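I opened this entry to look up how the chains meet and where the charged side chains pair. My notes follow in the order in which I checked things.

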Amino acid sequence: MINYLANPSNFLRFQRIATPVIGLVIFLTSLALGLWLSLYASPADETQGEVVRIMYVHVPAAWGSMMAYTALTIASITSFVWRHRLADSAARAFAKVGIVFAFLALATGSIWGKPTWGTWWQWDGRTTSMLVFFFIYAAYLLIWSMVKPWNRAARLAAILAMVGSINIPIIKFSVEWWSSLHQPATLSYIGAPGMPSELLRPLLMMAWAYASLFAWASLMFIKADVMALRARRQSSRPISSVTIKKL
Amino acid sequence: MDALIARDLRLAGADLSSWLPGLLFFVFFIMVSVIAIGPEARILRDMAGGLIWLALLFSLILKVSDLFQRDMMTGMTEQIFLSGQSKLQFVIAKAVSVFLIHLIPLLIIIPIVGFVLGLEAQQGWAMTLSVLVAAPALIFYVLMTAAILSRQRTGGFIAVIMVLPFLIPILIFGVAAAESADSSSLYSVEIKALLGLNLISMSVGIPAIVAALKANIHQVT
């Protein structure tokens with residue numbers, strides 16, 4: 001399966017079917033079901049009231065951005081070891097989706113923070129580490145836009161992504177340690193075991209919707225990348241001219 | 001390895017502009033911060049640790065663009081890689097010379113700056129100690145960024161964005177170590193955490209530096 005898809009032509013053939021299936025069928029149905037579950041079929045929170053429904057768009061975005069980084073790391077290792085072009089396209093696509101998810105997590109967290117914490121922004125551990133995470137994505141994508149030529153950018157970006165994957169847990173724990181020094185925890189851990197299933201079901205459905213959105217957007221980005229490379233290769237091919245003399 | 005370090009030292013000795021601006025920047029950053037914050041002694045004393053660490057980080061990061069760049073442009077790095085010498089030695093020699101050329105002057109001036117900001121002598125020494133303990137981690141992450149950007153002519157802002165996430169744990173534990181050093185012993189948790197970060201930065205940073213230099217050397221098409 002992986003070997004088959006590693007060929008760009010085969011990949012393009014695969015995504016022609018997979019993109020509409022994932023995008024139209026899986027994503028839209030799970031989004032509709034998730035929205036119905038989270039906005040209508042689930043109860044409001046005892047202390048937070050209706051505001052708790054922001055959780056169903058906030059938590060999956062945070063999970064999605066971490067999932068995207070995991071995928072980015074795997075793609076980067078693949079690219080670094082086998083120098084496979086499609087792995088580079090994939091890594092870049094994952095980063096683009098990941099940075100959007102990280103931004104969404106920050107933005108929805110801020111909107112959620114206003115009614116529950118009473119402030120738009122709180123320098124607590126998870127908010128701060130998510131912000132750092134956002135900047136790691138930004139640095140990764142900046143390498144791609146800055147370094148020429150393409151192969152060199154791919155190597156350097158892969159190196160940064162791999163070093164980042166080792167450092168992210170360290171950064172996360174050190175930031176949490178830092179914020180615990182400066183202030184008490186303001187919010188209990190949401191999504192901890194013991195969450196009632198009425199809240200868990202819409203959350204997982206929305207997480208599934210985000211995951212399929214991730215898959216769909218990544219497929220589109222990879223396709224765009226493969227097409228752009230092809231176009232560039234065709235245009236850089238020297239024009240051959242043949243003159244035939246009639247004797 | 002000695003020859004490599006000696007070469008870097010000679011170059012730095014011949015060209016004051018390679019290390020003196022970093023030192024001046026460090027002092028200027030502190031001065032401008034004091035002007036921005038206001039001269040009230042109590043506030044300055046509370047902020048001294050954070051300010052010194054910030055000035056140190058930025059004065060190191062702004063060096064990034066010329067740590068590997070000159071060697072890369074003159075083909076020196078390529079010769080080292082072609083000569084079959086140990087790349088580990090090359091990277092370690094570079095780290096040692098960065099420590100000697102760029103960090104030692106800062107380490108000397110930190111107690112003085114601390115004194116100017118109203119720290120007690122002992123707290124000033126604690127600052128120096130915390131920077132000294134964190135030095136390997138600082139240097140290897142900065143070198144990694146320098147290696148990644150060694151072909152880039154303009155890399156100032158991207159260097160800051162790229163290296164700061166990796167330096168955040170060092171900053172957190174470094175400031176905490178400086179603050180705790182006068183109350184607890186040398187073997188405090190923060191110092192141990194910094195030592196751990198040093199080990200990680202070496203085991204991750206050295207291969208990353210070599211790989212990044214290689215990627216920048218090879219004439220890829």
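Working from a predicted model, I first looked up polar contacts between chain B and chain A, and found four residue pairs, both residues of each at pLDDT 80 or more. On the side of chain B that touches chain A, I noted that α7 (121-148), α8 (156-180) and α9 (189-217) of chain B each supply at least two residues. By class, I listed 23 nonpolar, five polar and two charged residues on that side of chain B. The area buried between chain B and chain A is about 2500 Å², and carbon and sulfur atoms give 82% of it. I counted zero salt bridges between chain B and chain A.

I then turned to salt bridges over all chains, where the count comes to eight. One of them joins B:Asp8 and B:Lys94, whose closest N and O atoms are 3.6 Å apart. B:Asp8 lies in helix α1 (residues 2-14) of chain B and B:Lys94 in helix α6 (residues 87-116), so the pair ties together parts that are 86 residues apart in sequence. I checked exposure next: B:Asp8 counts as buried at 11% relative accessibility, and B:Lys94 is buried at 6%.

B:Lys94 also forms a salt bridge with B:Asp71, with the closest N and O atoms 3.1 Å apart. Because B:Asp71 sits in helix α4 (residues 69-74) of chain B and B:Lys94 in helix α6, this pair ties together parts that are 23 residues apart in sequence. B:Asp71 is buried too, with a relative accessible area of 4%. I recorded one network, in which salt bridges that share partners join B:Arg7, B:Asp8, B:Asp71 and B:Lys94.

How values were computed:
Residues numbered from 1 in each chain as written. Chains lettered and ligands numbered in written order. Predicted model: local features only at pLDDT ≥ 70, side-chain atom pairs only at ≥ 80, totals over all residues. Heavy atoms only, no water. Buried area = accessible area lost by both parts, 1.4 Å probe. Salt bridge = Lys/Arg side-chain N within 4 Å of Asp/Glu carboxyl O. Polar contact = N/O pair within 3.5 Å; in protein donor to acceptor, adjacent residues only side chain to side chain. Helix = DSSP H or I, 4+ residues; strand = E, 2+ residues; numbered from the N terminus. Nonpolar A, V, L, I, M, F, W, Y, C, P; charged D, E, K, R; others polar. Buried < 20%, exposed > 50% of the residue type's maximum accessible area, 1.4 Å probe, protein only.
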